Amino acid sequence: MNIFHGIDWVLVLLYLILIFIGWLNIYSTTFIEDDTALINLSTEYGKQLIWIGLSFPLIIFILLIDAKLYEKYASIIYVVSLFFLAGLFILGKNINGATSWYDFGGFSLQPSEFAKAATALAIAKLVSDKLFNLKKFNTQLQAFVILFLPAVLITLQPDPGSALVYTAFIFVLYREGLPVYYITVGFIAAFLFVITLYFGFLYTWLGSLLVFALILMYFIFYRKKAFKNGWIKIVGIYLVAALFIFSVDLVFNHVFEQRHRDRFNIVLGKTADTKNIGYNTNQAITTIASGGFTGKGFLDGERTQGDFVPENQTDYIFTIVGEEWGFLGSTIVIVIFTFFFLRIIQIAERQKSKFARVYGHSIAAIFFMHFTINIGMVIGLLPTIGIPLPFFSYGGSALWGFTVLLFIFIRLDANRSYEW
């Protein structure tokens with residue numbers, strides 16, 4: 001059996017390029033001139049190099065598995081991932097305020113990074129069923145439950161950034177036939193979320209009540225027939241909206257930690273940054289701007305070497321790209337990522353198997369969501385919510401999670417010439 005037969009080497013090459021560039025930036029964050037001739041395995045760049053090296057046996061293992069088994073056991077893989085997420089509340093280790101890790105004597109693993117692949121497999125399995133029809137409410141409900149369960153478990157850790165990634169699946173479901181009004185509802189929900197955070201539950205609820213009253217009066221006086229036939233639906237929509245507003249207030253004030261609340265309040269302009277909570281973002285923007293057009297050069301970033309941006313090897317690693325490689329280098333990195341996303345979508349569209357196609361679109365959405373949120377966070381467009389940049393941010397769990405996501409798809413694509 002030739003496990004490399006049918007492999008899309010363009011996608012593999014893009015993966016290797018991104019990993020290499022990412023490692024160079026991690027190296028830059030912990031570079032010490034005395035160690036120029038030696039890789040220090042106790043540093044972040046040394047540890048990341050070990051994780052990269054261990055990724056290749058993992059890739060071989062993924063490619064050795066029969067592609068059909070990923071579909072056959074998708075449900076079991078999903079349930080196991082939920083089990084590990086739930087187990088964190090009993091056996092998990094708290095790091096930086098979130099109980100998101102299992103600790104194995106100095107070796108930590110974050111199950112939420114692998115749950116994304118498990119959820120993508122489960123969604124692909126569900127949608128590819130011949131009897132599945134996204135126009136029916138009960139099948140829509142099944143899909144939403146699959147997305148809801150891991151997202152809730154991750155939110156309760158609390159790790160809202162990782163949970164937010166699951167909204168990416170909505171676009172995948174839309175591609176497979178989900179009615180467009182769900183997208184509309186999503187935008188309305190996002191609007192209500194922001195409004196509730198800004199004005200609070202009481203004022204938002206009163207405002208929505210006023211809007212509902214005006215809509216109700218319109219139907220009563222001008223659309224009597226429509227009101228008579230659909231008043232239950234109209235009232236139901238309002239009750240759901242009111243419940244959502246209440247849940248936003250509840251989660252924000254009782255599930256999110258103070259650091260999460262502070263970051264949102266600062267971005268929304270509700271409070272001044274008297275505690276210097278926005279220090280990371282401000283320093284990140286300044287660091288990126290200091291790179292100019294061509295950058296200061298590899299290992300020559302004064303702000304990077306001076307640790308002006310905390311966590312610049314993880315969530316804020318794009319600041320190193322901005323300072324050392326400048327606008328030109330940052331553009332090249334963004335272009336490479338864009339080619340990466342488009343290649344995944346192109347490969348997904350050529351699949352004979354619906355399961356492989358849905359899985360491909362799922363991972364494209366996940367990668368794009370990570371990329372957009374991370375860079376948006378670094379340049380101050382989004383609040384800091386702690387989400388890694390794929391293949392760049394330091395961390396073994398993130399690297400392995402993204403590797404598993406990608407190479408399951410590469411294995412499925414390699415099998416496209418066979419009959420499913």
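## Overall make-up

Seventeen helices and three strands make up this protein, seen here as a predicted model. Half the chain is tucked away: 50% of the 420 residues count as buried. As for the outside, the protein exposes about 20,800 Å², and 70% of that comes from carbon and sulfur atoms.

The contacts have a long reach in sequence. Take those with a separation of 6 or more, and 72% of them link residues 24 or more positions apart.

## The nonpolar core

The largest nonpolar core has 108 residues, and the members that touch the most others are F340, Y359, F367, F391 and L406. Helix α16 (residues 354-378) puts in the largest share of this core, with 15 residues. As general background, nonpolar side chains in soluble globular proteins tend to be buried together.

L406 is a good place to start looking around. Setting aside neighbours within four places in sequence, L406 is in contact with F340, F367 and F391, which are also on the list of core members with the most partners. The other contacts of L406 are L11, Y15, I344 and I363.

## A buried lysine

Now for K116, which sits in helix α5 (residues 112-127). Is K116 buried or exposed? Its relative accessible area is 3%, under the 20% cut-off, so K116 counts as buried.

What does the side chain of K116 pair up with? A polar contact of 2.8 Å joins it to the side chain of H370. Beyond residues up to four places away in sequence, K116 touches H370 along with V165, Y166, F169, I366, F402 and L405.

## Helix α4

Helix α4 (residues 74-91) runs for 18 residues and spans 25 Å from first C-alpha to last, close to the expected 26 Å. Its buried residues are A74, Y78, S81, L82, L85, G87 and L88. In an α-helix, residues three or four places apart point the same way, because there are 3.6 residues a turn.

What do the buried residues of α4 pack against? Their partners are the helices α3 (67-72), α5, α6 (137-155) and α16, plus the strand β2.

## The small sheet

The three strands form an open sheet in the order β1-β2-β3, with antiparallel pairing. β1 (93-95) and β3 (108-109) are the edge strands, and each has a single partner, so one side of each is left without a neighbour in the sheet.

Strand β2 (residues 98-103) is joined to β3 by two bridges. Along this pairing, D103 stands opposite S108 in β3.

Key
Residues are numbered from 1 along each chain as its sequence is written. This is a predicted model: local features need pLDDT of at least 70, side-chain atom pairs count only at pLDDT 80 or more; totals for chains, interfaces and linings use all residues. Side-chain values use heavy atoms; hydrogens and water are left out. A nonpolar core is a set of buried Ala, Val, Leu, Ile, Met, Phe, Trp, Tyr and Cys residues joined through side-chain atoms within 4.5 Å. Buried means under 20% relative accessible area, exposed over 50%, partly exposed in between (1.4 Å probe, protein chains only). Helices (H or I, at least four residues) and strands (E, at least two) are DSSP runs, numbered from the N terminus. Contact means heavy atoms within 4.5 Å. Accessible areas come from the Shrake-Rupley method with a 1.4 Å probe; for residues, only the protein chains shown count as cover. A polar contact is a pair of N or O atoms within 3.5 Å; within protein, one must be able to donate a hydrogen and the other to accept it, and residues adjacent in sequence count only if both atoms are side-chain atoms. Two strands pair if DSSP finds at least two bridges between them. The expected span of a helix is 1.5 Å times one less than its number of residues.
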